[in-house]
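Open your viewer, get the selection tool ready, and let us take a walk together. At each stop you will hear what to select next and what is there.

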Amino acid sequence: MMNIRAAKPSDLTQILTILNEVSRDLQEKGVNQWNYPWDQEPIEEALKQNQAFMLTLGNHVIGTFFISEIDAISTCTINPQSFYLSKVALSPEYQRKNFGAKIMKFALIYAEKQHKPVYLDCWAGNDRLKTFYKTHGFDYLGDYPEANYSISVFRGKS
């Protein structure tokens, strides 16, 4: 049975392993969503701030994601102190098995319970991911320029 739980500092190695595995997989597919390898310090800080979550299947860690508070995404106007769903990563062997949908649902419920909107973004060139977000409770707000590319920003439906 799949479970979502708050990550602990002792989960750092497993989180970095998943993030690096998914980053390599994305790059092999031509999706430049994330850099590889991941820097350990921001992940350690997120763990200290209780922003990291783990997906487990039995005793096996299959994914991770982060929910933090933000006041801005690129040049997109958002509500201050909103939630930001980021670093959603499922081990490639567990992708396309409905676990991503469970993460989206978890994030929407998490934000709703705290009466805050939740946002997320992705590389604007990732059409499959954009479609996934739209079909799992998020509204597309537009594309916004970053340093070397554009991101697509989404807001969770309340």
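## First stop: the largest pocket

Start by selecting L26, Q33, V88, L129 and Y133: of the 42 residues that line the largest pocket, these lie nearest its centre. The word pocket needs some care: on a 1 Å grid over the protein atoms alone, it is an open set of points where a 1.4 Å probe fits, with protein on both sides within 12 Å along at least five of seven lines, and a lining residue has an atom within 4 Å of a point. Rolling a probe the size of a water molecule over the atoms shows where empty space is left. Here that space comes to about 1100 Å³, where a volume is the space filled by probe spheres set on the points, and points are joined across faces, edges and corners.

Before you go on, note that this is a predicted model, in which local features need pLDDT of at least 70, side-chain atom pairs count only at pLDDT 80 or more, and totals for chains, interfaces and linings use all residues. Residues are numbered from 1 along each chain as its sequence is written, and side-chain values use heavy atoms, with hydrogens and water left out.

Which elements supply the lining? Select α1 (12-28), β4 (82-90), α3 (99-113), β5 (118-123) and α4 (127-135), each of which gives at least two residues to the lining of the largest pocket. Helices (H or I, at least four residues) and strands (E, at least two) are DSSP runs, numbered from the N terminus. Colour β4 specially, as the largest share of this lining, 7 residues, comes from there.

Now colour the lining by residue type: 24 are nonpolar, 10 polar and 8 charged. In this count Ala, Val, Leu, Ile, Met, Phe, Trp, Tyr, Cys and Pro are nonpolar, Asp, Glu, Lys and Arg are charged, and the others, Gly among them, are polar.

## Second stop: the whole fold

Zoom out and show the cartoon, where you can find 4 helices and 7 strands. Trace the chain along its sequence and you will meet them in the pattern β-α-α-β-β-β-α-β-α-β-β. The radius of gyration is 15 Å, close to the 15 Å from the globule rule for 158 residues, so the protein is as compact as a globular protein of that length. That radius is taken over C-alpha atoms, and the rule is 2.2 Å times the number of residues to the power 0.38.

## Third stop: a buried alanine

Select A111 in helix α3. Is A111 buried or exposed? A111 is buried, with a relative accessible area of 2%; buried means under 20%, exposed over 50% and partly exposed in between, using a 1.4 Å probe and protein chains only. Beyond neighbours within four places in sequence, A111 is in contact with F83, K116, P117 and V118, contact meaning heavy atoms within 4.5 Å. Add I67 to the selection: 44 residues separate I67 from A111 along the chain, while their C-alpha atoms are 9.2 Å apart.

## Last stop: the loops

Go to the loop between α1 and α2 (40-48), where P37 lies. The peptide bond from Y36 to P37 is cis, with omega near -5°.

Next, select R96 in the loop between β4 and α3. R96 is not a glycine, yet has a positive phi of about 60°, and R96 is exposed at 63% relative accessible area.

Finish with H115, in the loop between α3 and β5. Phi of H115 is also positive, near 55°, in a residue other than glycine, and H115 is exposed, with a relative accessible area of 74%.
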